[in-house]
Amino acid sequence: ALFPGCVASVDDAEAQQAAIILLQAAGLEVSVLPAFCCGAMDLHGGAVEAAERAAQRVRQAWDASGASQLVSVTPGCLGTLRRALPGVSVLDPLELLAAHAGALHFRPLARRVALHLPCTQVNVARSDDALLQLLRRVPGLEVLPLPRPPHCCGAAGSHLLEFPARAAQLRDDTLRQAATLDPQLLLSSNIGCRLHLGAGIDAQGLPWPTRHPLTLLAQQLEQPPSNQESP
């Protein structure tokens, strides 16, 4: 089952559709839960009762799904989903895709991409190795992970809203690291990070589109040839 979330259900709708395409190509059956907030932002703000109401809604949606595993394309949601569903397998879809990588084949793409690894992807999802493994299966794609400064990009849940000046400084440090790679595209899997970095890219007039890695992978997915002959 795929958990769409709130902001991600709108701003990462393309990545969520990409996840469905890739998971199905890997031989997995996918259903989609209703779109609502997992409660992460309430937890960030200390609104414990609101967070528990969100967790209860997560549990109800999960129980109705009949699925065996839950995935979210936004690593920032995974910790909260795991808190709501102890004992349930809650994963980044990249882990499932990497485990079934032999079923996925990609068309070549000659492009240099800078890969931003969100803190939640490295420390919570722990799917950074799976992501690198999948991206490196795209022939011709030059994948350059950002040199990691000793801090996050500044998004950090509600941090960019509560401390915008500090968040902007951290973001600018991250973008300076990205500039050393001279990329044609910036990939980041966490919607908060990508929106935050994208705002800095626009403000600085940098020539880098931003995308979710799943979107790029689905774009390059090689569809199996049809068994039917053309009339």
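pLDDT is the predictor's confidence in each residue, from 0 to 100, and a contact means heavy atoms within 4.5 Å. This is a predicted model, in which local features need pLDDT of at least 70 and side-chain atom pairs count only at pLDDT 80 or more, whereas totals for chains, interfaces and linings use all residues. Residues are numbered from 1 along each chain as its sequence is written, and side-chain values use heavy atoms, with hydrogens and water left out.

**View 1. Confidence along the chain.** The chain has a mean pLDDT of 91, with 95% of its residues at 70 or more. Over residues 226-231 pLDDT stays under 50, and the model has 0 contacts beyond four places in sequence for them.

**View 2. Helix α11 and its surroundings.** Helices (H or I, at least four residues) and strands (E, at least two) are DSSP runs, numbered from the N terminus. The 14 residues of α11 reach 20 Å from first C-alpha to last, close to the 20 Å expected at 1.5 Å a residue, where the expected span is 1.5 Å times one less than the number of residues. Among the buried residues (under 20% relative accessible area, 1.4 Å probe, protein chains only) of α11 are Ile-191, Arg-194, His-196 and Ile-201. Their cover includes α1, β3 (111-116), α9, α10 (164-179), β5 (185-188) and β6 (210-211).

**View 3. The end of α11.** Gly-205 follows α11 and has a positive phi, near 65 degrees.

Technical notes:
Buried means under 20% relative accessible area, exposed over 50%, partly exposed in between (1.4 Å probe, protein chains only).
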